[in-house]
Amino acid sequence: MNTNIQRAILATFLWSNDLDIDTKDAFILNPHLFTGDRHLIAAKINQVTQTEDRFYSLLNMELENTSQQEWLEISTQTPLSFSFAKKYYDNLTDNRGDDV
């Protein structure tokens, strides 16, 4: 279940531009809360989040080519609003707080 939550959070960022989700509420991720390739994807998402335009679509295309298997798994998740993604993220933080 934790893996699916991680993927749903990442999907929110990666598909936000394509689904016209307002990115003003995008937030910085702690990559250490994510496992496997999701750790690296979260770090790359942070790089985009720190830019003014927060254009995740280019990163999405890059990941499709470089992290194909994980990208496919993330693409099966339904993107959330950033407020819901933040709630799930906070839950990850609470559950792993001592581990990071």
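This passage walks through a predicted model of one protein chain, from its overall build to a few individual residues.

Starting with the fold as a whole, the protein chain has 5 helices and 0 strands, and reading along the sequence gives the pattern α-α-α-α-α. The radius of gyration comes out at 12 Å, close to the 13 Å that the globule rule gives for 100 residues, so the protein chain is as compact as a globular protein of that length. Laid along its principal axes, the C-alpha trace spans about 35 × 30 × 20 Å. Buried residues make up 44% of the 100 in the protein chain. If one takes the contacts between residues at least 6 apart in sequence, 73% of them join residues at least 24 apart.

On the outside, the accessible surface of the protein chain amounts to about 5,800 Å², and carbon and sulfur atoms account for 49% of that. As for charge, there are 8 positive and 15 negative charges, and the mean positions of the two sets sit 4 Å apart.

Helix H3, covering residues 57-66, is a handy place to look at how the helices pack. Its buried residues are Ser 57, Leu 59, Asn 60 and Leu 63. Viewed down the axis of H3, these buried residues fall within an arc of 155°, so they line one face of the helix. The general background is simple enough: an α-helix has 3.6 residues a turn, so residues three or four places apart point the same way. Over on the other side of H3, Leu 58, Asn 65 and Thr 66 are exposed. The cover over the buried residues of H3 includes helix H1 (2-14), helix H2 (37-49) and helix H4 (68-75).

H4 can be read in a similar manner. Here Glu 70, Trp 71 and Ile 74 are buried. Seen down the axis of H4, the buried residues fall within an arc of 100°, so they too line one face of their helix. What covers them includes H1, H2 and H3.

Turning to H1, this helix is home to Gln 6. With a relative accessibility of 0%, Gln 6 counts as buried, because the cut-off for that label is under 20%. Setting aside neighbours within four places in sequence, Gln 6 is in contact with Leu 33, Phe 34, Thr 35, Arg 38 and Leu 92. Gln 6 also offers a nice example of sequence distance versus distance in space: Gln 6 and Ile 74 are 68 residues apart in sequence, yet 8.7 Å apart C-alpha to C-alpha. Ile 74 is one of the buried residues of H4.

Finally, two loop residues deserve a look for their backbone angles. As a general matter, most residues other than glycine have a negative phi. Asp 20, although not a glycine, has a positive phi of about 60°. Asp 20 sits in the loop between H1 and H2, and at 72% relative accessibility this residue counts as exposed. Arg 54 also has a positive phi, of about 50°, and is not a glycine either. Its place is the loop between H2 and H3. Arg 54 has a relative accessibility of 19%, so it counts as buried, given that the label applies under 20%. On burial, then, the two loop residues part ways: Asp 20 is exposed, whereas Arg 54 is buried.

Key. Residues are numbered from 1 along each chain as its sequence is written. This is a predicted model: local features need pLDDT of at least 70, side-chain atom pairs count only at pLDDT 80 or more; totals for chains, interfaces and linings use all residues. Side-chain values use heavy atoms; hydrogens and water are left out. Helices (H or I, at least four residues) and strands (E, at least two) are DSSP runs, numbered from the N terminus. The radius of gyration is taken over C-alpha atoms; the globule rule is 2.2 Å times the number of residues to the power 0.38. Buried means under 20% relative accessible area, exposed over 50%, partly exposed in between (1.4 Å probe, protein chains only). Contact means heavy atoms within 4.5 Å. Accessible areas come from the Shrake-Rupley method with a 1.4 Å probe; for residues, only the protein chains shown count as cover. Lys and Arg count as positive and Asp and Glu as negative; His and the chain ends are not counted. The place of a charge is taken as NZ of Lys, CZ of Arg, CG of Asp or CD of Glu. The arc is that of the directions from the helix axis to the C-beta atoms.
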